[in-house]
Amino acid sequence: NAPVPCPQGCNAILERQHLQKHTVDVCPNTMVECDFSYCGCSAKLTRQELLAHLDTNLSLHMSMLSKMNRQLLLEVQQLKGELNEHKLRADAMTSYLKTSPTLNQDVLTTVEVGLRESFVSGQTLLKKDFYSCVGGYKMQLQIHCRTSECPPNTVHLYPRVYLMKGEFDEFLLWPFKGVVIVSTRLSRAKLCINFNDASPECRARVLDGSGIAEKGVNSDSAVMVDVNKFRVGDSNYRGVFAVEKVSDSAEDILVYLLVGVFIRH
């Protein structure tokens with residue numbers, strides 16, 4: 001704690017423990033920025049030169065400050081406009097949610113498809129639009145069939161999900177990340193459609209006029225159906241594919257949609 005001279009040559013002598021505080025807060029030879037650096041002044045000078053700099057450049061500093069204030073006013077006006085626009089969109093979304101039949105949780109939609117003795121591999125048996133949740137992502141569930149590499153008299157049915165242009169896209173996070181879980185009465189297995197590992201074009205927001213992404217994401221597995229079962233007893237067989245939930249990193253969101261698939265020969 002012996003007294004030492006200031007290393008910046010200001011002739012001050014002080015205890016070593018106070019040296020750093022003196023250098024930072026007091027020493028007239030410490031280099032500092034101009035008080036108006038936040039509005040554009042780039043001057044760097046010693047603390048003892050600062051007052052003279054402020055007196056000499058008062059007019060310049062006021063001009064810088066006025067210019068910055070004008071810019072801030074423009075930004076505030078722009079933010080007010082954006083806020084008002086978002087408020088209008090939020091009001092429109094609230095009105096839509098109150099009246100939209102698309103999001104009615106009590107609707108059970110069934111679609112009848114024909115099961116033929118000959119299939120074209122990749123044939124689409126079903127297309128159904130749905131939302132991931134109230135105010136969420138719009139998607140389309142498709143059920144495809146595959147006959148190649150199947151045992152005789154069997155077909156594979158597998159779901160595929162596409163992102164679509166939805167009512168609430170501007171309020172959502174993009175690209176979409178999540179897992180769509182599909183269940184079916186044709187199997188006890190849960191069919192997972194993982195968007196997290198999909199290519200970017202499958203997860204991006206849909207902006208073009210088609211209203212649906214060019215590429216969808218397939219489930220991790222398929223359901224094998226024995227065609228012969230449809231020739232025994234009742235000719236009608238009902239298998240329900242249901243979008244059970246859409247999971248993201250935050251929480252599981254229930255999707256209130258059941259898609260009934262009537263299969264007959």
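User: Hello! Let's start with Cys 27 in this predicted model: is the residue buried or exposed?
Analyst: Happy to help! Its relative accessibility is 0%, and the cut-off for a buried residue is under 20%. Cys 27 therefore counts as buried.

User: Which cysteine has the nearest sulfur to Cys 27, and how far away is that sulfur?
Analyst: A search of the whole structure finds 0 disulfides, and Cys 27 is in none. A disulfide needs sulfur atoms within 2.5 Å. The nearest cysteine sulfur to Cys 27 belongs to Cys 6, at 3.7 Å.

User: How is Cys 192 classed by its accessible area?
Analyst: Buried residues fall under 20% and exposed ones over 50%. Cys 192 has a relative accessible area of 25%, which means that the class is partly exposed.

User: Stepping back, how many helices and strands does the chain have?
Analyst: Of the chain's 265 residues, 36% count as buried. Taking contacts between residues at least 6 apart in sequence, 54% join residues at least 24 apart. As for secondary structure, the totals are 4 helices and 14 strands.

User: How many residues of β9 are buried?
Analyst: Val 179, Ile 181 and Ser 183 point one way from this strand, and Val 180, Val 182 and Thr 184 point the other way. Residues on both sides are buried, and the strand is largely enclosed by the rest of the structure. The count for β9 is 6 of the 6.

User: In β10, which residue is the bridge partner of Val 180?
Analyst: β9 and β10 run antiparallel to each other and pair over 6 bridges. Within that pairing, Val 180 is matched with Ile 193.

User: Along β12, which residues point to the face that is not buried?
Analyst: The side chains alternate along this strand, residues 223-226. Val 223 and Val 225 share one face and are buried. The other face carries Met 224 and Asp 226.

User: And in β12, what is the bridge partner of Leu 157?
Analyst: Strand β8, residues 154-163, pairs with β12 in the antiparallel sense over 4 bridges. Leu 157 is also among the residues that touch the most other members of the largest nonpolar core. Its partner in β12 is Val 223.

User: Which strands each supply at least two residues of the largest nonpolar core?
Analyst: This core holds 26 residues, and those touching the most other members include Met 139, Val 161, Leu 163 and Phe 195. The strands that each give at least two residues are β6, β7, β8, β9, β10 and β12.

User: How many residues are in the second core?
Analyst: The second core is separate from the largest one. Its members include Cys 39, Cys 41, Leu 45 and Leu 54, and the full count is 9 residues.

User: Which residue is joined to Trp 174 by a cis peptide bond?
Analyst: Trp 174 is one of the residues that Leu 163 touches. The cis bond has an omega of about 0°, and the partner lies in the loop between β8 and β9. That partner is Pro 175.

User: How far apart are the closest N and O atoms of Asp 25 and Lys 21?
Analyst: Asp 25 and Lys 21 are about one helical turn apart because they sit 4 residues from each other in helix α1. Asp 25 is partly exposed at 43% relative accessibility, while Lys 21 is exposed at 57%. Their salt bridge has its closest N and O atoms 3.3 Å apart.

User: Which residue meets Glu 201 in a salt bridge?
Analyst: The structure has 2 salt bridges, and the one at Glu 201 spans 3.2 Å from N to O. It ties together parts 14 residues apart in sequence, because Glu 201 lies in helix α4 and its partner in the loop between α4 and β11. Glu 201 is partly exposed at 41%, as is the partner at 44%. The partner is Lys 215.

User: Which residue's backbone oxygen does the side chain of Thr 56 reach?
Analyst: Thr 56 lies in helix α2, residues 47-56, and is exposed with a relative accessible area of 65%. Its side chain comes to 2.8 Å from the backbone oxygen of Ala 52.

User: One last one: what is the phi of Asn 11?
Analyst: Asn 11 sits in the loop between β1 and β2 and is exposed, with a relative accessible area of 72%. Although this residue is not a glycine, its phi is positive, at about 75°.

Note on methods. Residues are numbered from 1 along each chain as its sequence is written. This is a predicted model: local features need pLDDT of at least 70, side-chain atom pairs count only at pLDDT 80 or more; totals for chains, interfaces and linings use all residues. Side-chain values use heavy atoms; hydrogens and water are left out. Buried means under 20% relative accessible area, exposed over 50%, partly exposed in between (1.4 Å probe, protein chains only). Two strands pair if DSSP finds at least two bridges between them. A nonpolar core is a set of buried Ala, Val, Leu, Ile, Met, Phe, Trp, Tyr and Cys residues joined through side-chain atoms within 4.5 Å. Contact means heavy atoms within 4.5 Å. A salt bridge is a side-chain nitrogen of Lys or Arg within 4 Å of a carboxyl oxygen of Asp or Glu. A polar contact is a pair of N or O atoms within 3.5 Å; within protein, one must be able to donate a hydrogen and the other to accept it, and residues adjacent in sequence count only if both atoms are side-chain atoms. Lists of a residue's contacts leave out its neighbours within four places in sequence.
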